[in-house]
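The following exercises concern the architecture of one protein chain. Please attempt each task with the sequence and the structure in view before reading the solution.

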Amino acid sequence: PSYGSGEGLTNGHLLKTKGSFWEDARSFQEGTIPQSVVLAVVVGIVCGVCAYIYYFILELLLDVIWKTLPEKYIIDVWPESSYFWWIPIAGFSMCIGVGLTVMFLGDPGDLPYTIKCVHEKGYIAISHVPPMVLASLFSIVGGGSLGPEAPLVAICAALGGWISRTVFKQNNRNVVRKHTLMGMAGALAAFFGCPLGGSLFALEVNSRFGVEYFEHIVESILCGEVCVVVFRSLAGMPIEAIWTITTPKLAYATPTEVLLGIALGMVGSLVAFFFAAMHWGVMAIFAKLDLLRDDKAIPRGLLGGCVVLGLGVLIPHTMFWGESEFQTISSLSPASTLPHVWPTSGLIDFEMDSALSCFLVGLTKLIAISFTVAGGYRGGFIFPLFSTGAALGRMIAFFIPGIPVQLAVLCMAAAINVAITRTAIATTLILCYLSGEQCALSAVLASSLVSLFCTGYMPFIKTQIARNDLENSLFFNADEQPLIDDLEDDGQGH
């Protein structure tokens with residue numbers, strides 16, 4: 001029926017405005033604006049508190065493992081030439097923790113699994129939260145090149161869906177999906193400190209070419225705004241830019257710089273293509289060794305850890321997820337400013353001071369990301385890909401001295417990340433916000449869009465599929481709306 005002309009409204013009506021505001025508020029009709037506002041606030045508060053608890057535990061463990069223990073038991077006790085052994089000691093210990101978690105608590109899933117659940121069921125089972133919390137903490141504290149963004153997305157998505165189904169008794173699949181997406185948006189908004197960019201990322205990442213769950217955008221952003229206020233208030237963290245690539249910052253942009261962004265987008269998409277090819281090759285090796293089963297989680301983690309930690313000993317810049325390391329890499333600061341790894345000098349006192357060293361950091365970071373994923377670590381690759389782009393951007397700045405360093409760094413970071421995650425709009429907003437480089441936005445957006453188009457036929461996250469329920473997106477019909485109990489998982493991602 002042509003709802004836009006008013007026909008067909010006897011059996012179907014607008015999903016968000018079924019009656020007047022007061023009628024919808026009194027009846028608390030599912031999917032209506034009053035219900036969505038209440039759910040956005042509730043989910044935002046719950047996810048903000050849970051994100052803070054996760055963040056607090058993570059920071060505590062990082063401080064204990066990489067600061068307190070070395071200061072008490074290694075510094076001035078071991079020979080200084082032996083300090084680097086702490087990297088594999090701590091790292092392999094955490095690898096075993098990841099493996100034990102998977103073996104005894106089950107597979108916690110990952111970002112592709114979260115996306116698959118959003119499409120198929122509209123929610124993530126709450127049973128995935130405990131193993132995800134433990135596995136991701138072990139992974140991140142162990143120095144793997146994955147970050148807390150994807151675990152927080154999975155955790156908060158599960159919480160959003162659980163609140164919808166259990167507390168508010170919702171069973172309409174698209175309504176439950178909206179509340180799941182609220183949780184995902186809240187997690188990324190809180191983590192990035194960027195409500196608009198983080199929320200849009202949670203929506204864009206489900207599809208390969210733009211936001212397909214468009215009807216949930218506004219409510220998800222509202223939840224993200226609530227969540228970032230709760231999380232940042234509890235953590236005592238300001239909502240501000242966290243990187244200073246160079247000073248002064250860009251004062252303005254020119255059309256030439258937008259063209260430069262286009263060129264860098266092509267280069268970044270090429271890097272992502274080679275990374276994807278390399279990663280599938282690495283995964284094939286692990287599959288050939290029969291290490292992808294849950295009962296092989298420990299040897300799988302140890303094999304991945306050999307490469308990740310071996311690279312970390314030689315080039316400490318590759319350790320951890322890169323949110324704070326991005327500052328050191330993008331500004332070519334001394335290795336002593338690396339915030340997490342100890343010792344920061346590693347084995348060979350590596351420093352980023354030339355085009356070659358920048359290239360080595362970018363290359364080894366990609367290898368570390370691949371083996372971290374293949375090794376069964378749990379985490380997100382957004383910031384790791386940003387860090388790779390920062391290193392390669394600095395390399396390009398060595399070869400083309402006239403290029404604005406900020407543009408080289410941000411455009412490369414955007415292009416590589418967009419090629420892998422398919423999030424052109426959100427990535428642009430997040431990078432420009434976190435770097436405080438608003439004038440770089442046009443060039444970074446150009447780089448992101450070019451990368452999106454150039455890699456349109458190179459799906460990295462296989463569960464990013466086109467939605468198949470557009471007919472239920474704006475209008476509600478009680479006889480046709482799919483319920484969450486109606487769906488059987490065929491295990492094929494669709």
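**Exercise 1. State which element has the lowest mean pLDDT and which the highest, and locate the stretches where pLDDT is under 50.**

Solution. Among the elements, strand S1 (residues 13-14) has the lowest mean pLDDT, 50, and H13 the highest, 98. Here pLDDT is the predictor's confidence in each residue, from 0 to 100, and helices (H or I, at least four residues) and strands (E, at least two) are DSSP runs, numbered from the N terminus. This is a predicted model, in which local features need pLDDT of at least 70, side-chain atom pairs count only at pLDDT 80 or more, and totals for chains, interfaces and linings use all residues. Residues are numbered from 1 along each chain as its sequence is written, and side-chain values use heavy atoms, with hydrogens and water left out.

Next, consider the stretches. Over residues 1-13 pLDDT stays under 50, and the model has 15 contacts for them beyond four places in sequence; contact means heavy atoms within 4.5 Å. Residues 486-494 also have pLDDT below 50, with 14 contacts in the model beyond near neighbours in sequence. Finally, for the protein, the mean pLDDT is 91, and 92% of residues reach 70 or more.

**Exercise 2. Describe the overall composition and dimensions of the protein.**

Solution. First, the protein has 17 helices and two strands. Second, the C-alpha trace spans about 80 × 55 × 45 Å along its principal axes. Third, a compact globule of 494 residues would have a radius of gyration near 23 Å, and the protein's 23 Å agrees with this. The radius is taken over C-alpha atoms, and the globule rule is 2.2 Å times the number of residues to the power 0.38.

**Exercise 3. Determine how H11 is oriented against H13, and which residues make the contact.**

Solution. Begin with the axes, which are lines fitted to C-alpha atoms, for helices over the stretch in contact; angles run from 0 to 180 degrees between N-to-C directions. The axes of H11 (residues 297-314) and H13 (residues 355-374) come within 8 Å and cross at roughly 165°. H11 is therefore roughly antiparallel to H13; angles under 35 degrees count as roughly parallel, over 145 as roughly antiparallel, 65 to 115 as roughly perpendicular and the rest as oblique.

The crossing of H11 past H13 is left-handed, meaning that the near helix is turned anticlockwise from the far one by less than a right angle (clockwise would be right-handed). H11 contributes Arg 300, Gly 304, Val 307, Val 308 and Leu 311, while the residues from H13 include Thr 364, Ile 367, Ala 368 and Phe 371. The contact residues comprise eight nonpolar, three polar and one charged. In this division Ala, Val, Leu, Ile, Met, Phe, Trp, Tyr, Cys and Pro count as nonpolar, Asp, Glu, Lys and Arg as charged, and the others, Gly among them, as polar.

**Exercise 4. Analyse the packing of H3 with H5, then that of H4 with H7.**

Solution. H3 (residues 86-105) and H5 (residues 129-141) pack at about 165°, with axes 8 Å apart, which makes H3 roughly antiparallel to H5. H3 passes H5 in a left-handed crossing. Among the contact residues are Met 94, Gly 97 and Val 98 of H3 and Pro 131, Leu 134 and Phe 138 of H5. The residues of this contact are eight nonpolar, three polar and no charged.

For H4 (residues 111-120) and H7 (residues 173-192), the angle is about 150° and the axes are 9 Å apart, so H4 is roughly antiparallel to H7. The contact involves, among others, His 119 and Glu 120 of H4 and Arg 173 and Arg 177 of H7. Its residues divide into three nonpolar, three polar and three charged.

**Exercise 5. Locate the cis peptide bonds from Thr 247 and from Trp 342, and place Phe 320.**

Solution. The bond from Thr 247 to Pro 248 is cis, with omega near 0°, and Pro 248 is in the loop between H9 (217-235) and H10 (255-288). The bond from Trp 342 to Pro 343 is likewise cis, with omega near 0°; Pro 343 lies in the loop between H12 (325-330) and H13. Lastly, Phe 320 is in the loop between H11 and H12 and has a positive phi of about 70°, although it is not a glycine.
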